[in-house]
Amino acid sequence: MPLFFFLSGIFLKKSLNLDAKTFFKEKMLYFLYFYIIWNTISVVIRASLSQFAKNQVEFSEVFILFWDPTFTLWFMYAMFWALGLVYILNKLQTFEQIAITLIVVTIVQATNIGLPFFLRQLISYFPLLLIGMLFSDYWKNLFIKPSFTYQWFIVFVTCIVGVVLVRIE
């Protein structure tokens, strides 16, 4: 999942120039539609076959898909919320985005707040989405331009170390 969020950040950067309505329609709704359709299919099939499995699933689980996503599709629902959050945070300076994200990640990981699985995972992997966005801006500088200042390299390393330290429990 870390790679999924990092790569999503790389390819997301261009889309942030869209207006809010277009961004929601073209980017966010894609993940929401995909999630709703496949979650419904997954629950129906698993509920139909639950008599043959240890993990009992009921058809009513379709109605809790927005609070407790299916274990195999949580990342699609998390990405829906991540896209909205990135669009909002994009109005801030890069340093502010990173600072807010790392503070939230630290608070959530340091305390034992009872959040749903997908939300805990979203908060844990969100810094990688931001790192991917930063990397998409500066990858040419890293490999092509020799005059690249190493300030962004320090930001990348700091974020990665922060995420690794937060993931160690």
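A helix here is a DSSP run of H or I at least four residues long, numbered from the N terminus. With that in hand, welcome to this predicted model.

**The whole chain**

Start with everything shown as a cartoon. You should find six helices and zero strands, so coloring by the DSSP definition of helices gives the pattern α-α-α-α-α-α along the sequence. Now switch on the surface: the accessible area of the protein is about 10600 Å², and carbon and sulfur atoms hold 69% of that area. Of the 169 residues, 39% are buried. If you draw contacts between residues separated by 6 or more positions, 72% of them join residues 24 or more positions apart.

**Stop one: α2 against α3**

Select residues 20-48 for helix α2 and residues 74-89 for helix α3. Two packed helices are described by the angle between their axes and the distance between the axes. For this pair, the axes come within 8 Å and cross at roughly 165°. An angle over 145 degrees counts as roughly antiparallel, so α2 is roughly antiparallel to α3. The crossing of α2 with α3 is left-handed.

Next, show side chains where the two helices meet. On the α2 side, pick Ala20, Phe23, Phe24, Lys27, Met28, Phe31, Leu32, Phe34 and Tyr35. Their partners on α3 are Met76, Tyr77, Met79, Phe80, Leu83, Gly84 and Tyr87. Color this contact by class and you get 14 nonpolar residues, one polar and one charged.

**Stop two: Gly84 and two residues of α2**

Stay on α3 and center on Gly84, which belongs to that helix. Is Gly84 buried or exposed? Its relative accessible area is 14%, and the cut-off for buried is under 20%, so Gly84 is buried.

Now draw a C-alpha to C-alpha distance from Gly84 to Lys27: the pair is 57 residues apart in sequence and 9.3 Å apart in space. Draw another from Gly84 to Ala20, where 64 residues along the chain separate the two and their C-alpha atoms are 9.4 Å apart. Ala20 lies in helix α2. With a relative accessibility of 47%, Ala20 counts as partly exposed.

**Stop three: α1 against α3**

Keep α3 on screen and add residues 2-12, helix α1. How far apart are the axes of α1 and α3? They are 12 Å apart, and the helices pack at an angle of about 40°. That angle makes α1 oblique to α3. This time the crossing, α1 passing α3, is right-handed.

For the side chains, select Phe4, Phe5, Ser8 and Leu12 on α1. Then add Trp74, Phe75, Ala78, Met79, Leu83 and Val86 on α3. By class, the contact of α1 with α3 holds nine nonpolar residues, one polar and no charged ones. Pause on Met79 and Leu83 of α3: both are listed in the contact with α1, and both are listed in the contact with α2.

**Last stop: Gln97 in α4**

Move on to residues 94-110, which form helix α4, and select Gln97 within it. Gln97 is buried, with a relative accessible area of 7%. Which residues does Gln97 touch, leaving aside its neighbours within four places in sequence? Show Leu89, Asn90, Leu92 and Leu130, and you have those contacts in view.

Key: Residues are numbered from 1 along each chain as its sequence is written. This is a predicted model: local features need pLDDT of at least 70, side-chain atom pairs count only at pLDDT 80 or more; totals for chains, interfaces and linings use all residues. Side-chain values use heavy atoms; hydrogens and water are left out. Axes are lines fitted to C-alpha atoms, for helices over the stretch in contact, and angles run from 0 to 180 degrees between N-to-C directions. Angles under 35 degrees count as roughly parallel, over 145 as roughly antiparallel, 65 to 115 as roughly perpendicular and the rest as oblique. A crossing is left-handed if the near helix is turned anticlockwise from the far one by less than a right angle, and right-handed if clockwise. Contact means heavy atoms within 4.5 Å. Ala, Val, Leu, Ile, Met, Phe, Trp, Tyr, Cys and Pro count as nonpolar, Asp, Glu, Lys and Arg as charged, and the others, Gly among them, as polar. Buried means under 20% relative accessible area, exposed over 50%, partly exposed in between (1.4 Å probe, protein chains only). Accessible areas come from the Shrake-Rupley method with a 1.4 Å probe; for residues, only the protein chains shown count as cover.
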